[in-house]
Amino acid sequence: MKRLKTWGLTALLVLIVLEVLTIAPKRLGTAPDPEVVSPEAAKPGGGTPPPSTVATMSQIMEGVHLVETGGGRKQWELDSQKAQGFKDKGSWKLEGVRVKFFSLNGSTYSVTGHDGTVQMETKDMYIEGNVVTTTSEGYTFKTKSLKYSAGEKSLTTPDAVKITGPRSEGPFQLDGVGFRADLNNSSMKLDHSVHAVKQISSDGGTSPVLGTNLEDRDGVKVMNIRSEHSFVNGKTSEVHFEDKVQVDIESIRMTGNQADFLYDKKTRALTSLFMQGNVRVTDQEHWAASQYVQVLFKKNEFVLYGNPSINQNGNELRGQEIRFLKGGKEVRVSKAKARVEQEDAGPSSSKGLNLLTKGFSKGIAQ
């Protein structure tokens, strides 16, 4: 009996030693070999990817509505179809963006775009993808991207911009590159490569809104304006063009340093175009020069003043003011002085003066 207990104890010890030698190294040694991965799972996009660490650092919400206030008033109001917030970046990524900005003088700018971001600390905003902005005054401008600066209260973009004017003033389009809207005073600026198209009625009346039929276009003149820079007053609708300004109205071209669209403050109808600074007016046969020229659309008149002169075939007509009536069919010169290159007509000859004024009027008659 005692011998059996001895053999049993010996057998137990042997089993324990075998366990230590065979099993323990697998559990207490180095990490086990990685599992074999199939070739399909090893390919890019194959198999199940490891869990993302971004999900633990962000929050996703549907149908987001945010309102920013400051200085006792609403700064902007934002709606987004989807928003993802990143804790480490302090920003929100937006999809399907619609935001309304409120200016100091009561104007609003409603902006829509595909995507956007909001920096929660600065409240700056960036919107891109088919960005369309509409102002409370009726202006619409389209661009690829738009940045909102909360500190400057401005909307800016370096991209090309297409601006459409309010329908109440008749068709008006303004294109350029580089844009800034100041929410403090509702002013807008195009940085360079400006091209504007304005339609006016040929009889100087209110511009009709063009339809799809060709007969709707019969009573309309098209005015093209080019310049390096342009400024728009969103409240008064006044438009300022600056640097290398060129205005084309049918066969007449006017160039100068600056030009302004002036509007009636009550009706907001376009009343005149005012140009200044080395102004030159030309058509196919004549040219005129002055410091200032004003085109009165309702009266259908061109008024040149500031040492104005007209030149035709070497002949020159000067006066205190030169006024072209009925779109150029008649010319009225105050305190006229003529220099005519004809053997039978002196510098002040009434015959030479009549020939010059009639010839120039015929050249620009509509």
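The chat below goes through a predicted model of one protein chain.

User: Before I get into details, what secondary structure elements are there in the chain?

Analyst: This is a predicted model, and in it the chain has four helices and 21 strands.

User: And how many of its 366 residues, as a percentage, are buried?

Analyst: Buried residues account for 38% of the 366 residues, while the accessible surface of the chain amounts to about 21200 Å², with 53% of that surface belonging to carbon and sulfur atoms.

User: What share of the contacts comes from residues 24 or more positions apart?

Analyst: Taking the contacts in the chain with a separation of 6 or more, 40% are between residues 24 or more positions apart.

User: Can you give me an example pair, say one with K74? Which residue is 29 positions from K74, and what is the distance in space?

Analyst: That residue is S103, which is 29 residues from K74 in sequence, with 9.3 Å between the two C-alpha atoms. K74 itself is found in strand 2, which covers residues 73-86, and apart from neighbours within four places in sequence it is in contact with V67, E68, T69 and F102.

User: Is K74 buried or exposed?

Analyst: In between: K74 has a relative accessible area of 34%, so it counts as partly exposed.

User: Moving along to strand 8, what does Q173 contact?

Analyst: Q173 lies in strand 8, residues 172-182, and its contacts, leaving aside neighbours within four places in sequence, are K162, I163, H195, A196 and V197. For H195, which is 22 residues away along the chain, the C-alpha separation from Q173 is 8.3 Å. Q173 is partly exposed, because its relative accessible area is 32%.

User: What about S154, where is it and what surrounds it?

Analyst: S154 sits in strand 7, which runs over residues 154-164, and beyond its neighbours within four places in sequence it touches K147, Y148, S149, R180, A181 and L183. Its relative accessible area is 1%, and the cut-off for buried is under 20%, so S154 is classed as buried.

User: New topic, charges. How many salt bridges turn up in the whole structure?

Analyst: A search of the whole structure gives seven salt bridges. As background, side chains of opposite charge can pair when their charged atoms come close.

User: Which residue pairs with D248, and at what distance?

Analyst: D248 pairs with R253 through their side chains, at 2.7 Å from N to O. D248 is buried, because its relative accessible area is 17%, whereas R253 is partly exposed at 37% relative accessibility.

User: And which residue does E316 bridge to?

Analyst: E316 forms a salt bridge with R318, and their closest N and O atoms are 2.9 Å apart. E316 counts as buried, because its relative accessibility is 15%, while R318 counts as partly exposed at 32%.

User: Which residues are linked in a network of salt bridges?

Analyst: E301, E321 and R323 are linked in such a network. Within it, R323 bridges to E321, with 3.3 Å between the closest N and O atoms, and E321 is partly exposed at 27% relative accessibility.

User: Which residues form the negative surface patch?

Analyst: The patch is formed by E62, E95, D115 and E128. One of them, D115, is placed in strand 4, residues 108-119.

User: Why can D115 be part of a surface patch?

Analyst: Patch residues need over 30% relative accessible area and no salt bridge, and D115 passes the first of these because its relative accessible area is 33%, which makes it partly exposed.

User: Last thing, the backbone. What is the phi of S186, and where does that residue sit?

Analyst: S186 has a positive phi near 60° although the residue is not glycine, and its place is the loop between strand 8 and strand 9, the latter being residues 187-201. With 0% relative accessibility, S186 counts as buried.

User: And what is the phi of S193?

Analyst: S193, likewise not a glycine, has a positive phi of about 55°. That residue lies in strand 9, and S193 counts as partly exposed because its relative accessibility is 45%.

Notes:
Residues numbered from 1 in each chain as written. Predicted model: local features only at pLDDT ≥ 70, side-chain atom pairs only at ≥ 80, totals over all residues. Heavy atoms only, no water. Patch = residues over 30% accessible without salt bridge, like charges linked within 9 Å, V, L, I, M, F, W, Y side chains within 5 Å. Areas by Shrake-Rupley, 256 points an atom, 1.4 Å probe, with all protein chains shown as cover. Salt bridge = Lys/Arg side-chain N within 4 Å of Asp/Glu carboxyl O. Lys, Arg positive; Asp, Glu negative; His and termini not counted. Charge placed at Lys NZ, Arg CZ, Asp CG, Glu CD. Helix = DSSP H or I, 4+ residues; strand = E, 2+ residues; numbered from the N terminus. Buried < 20%, exposed > 50% of the residue type's maximum accessible area, 1.4 Å probe, protein only. Contact = heavy atoms within 4.5 Å.
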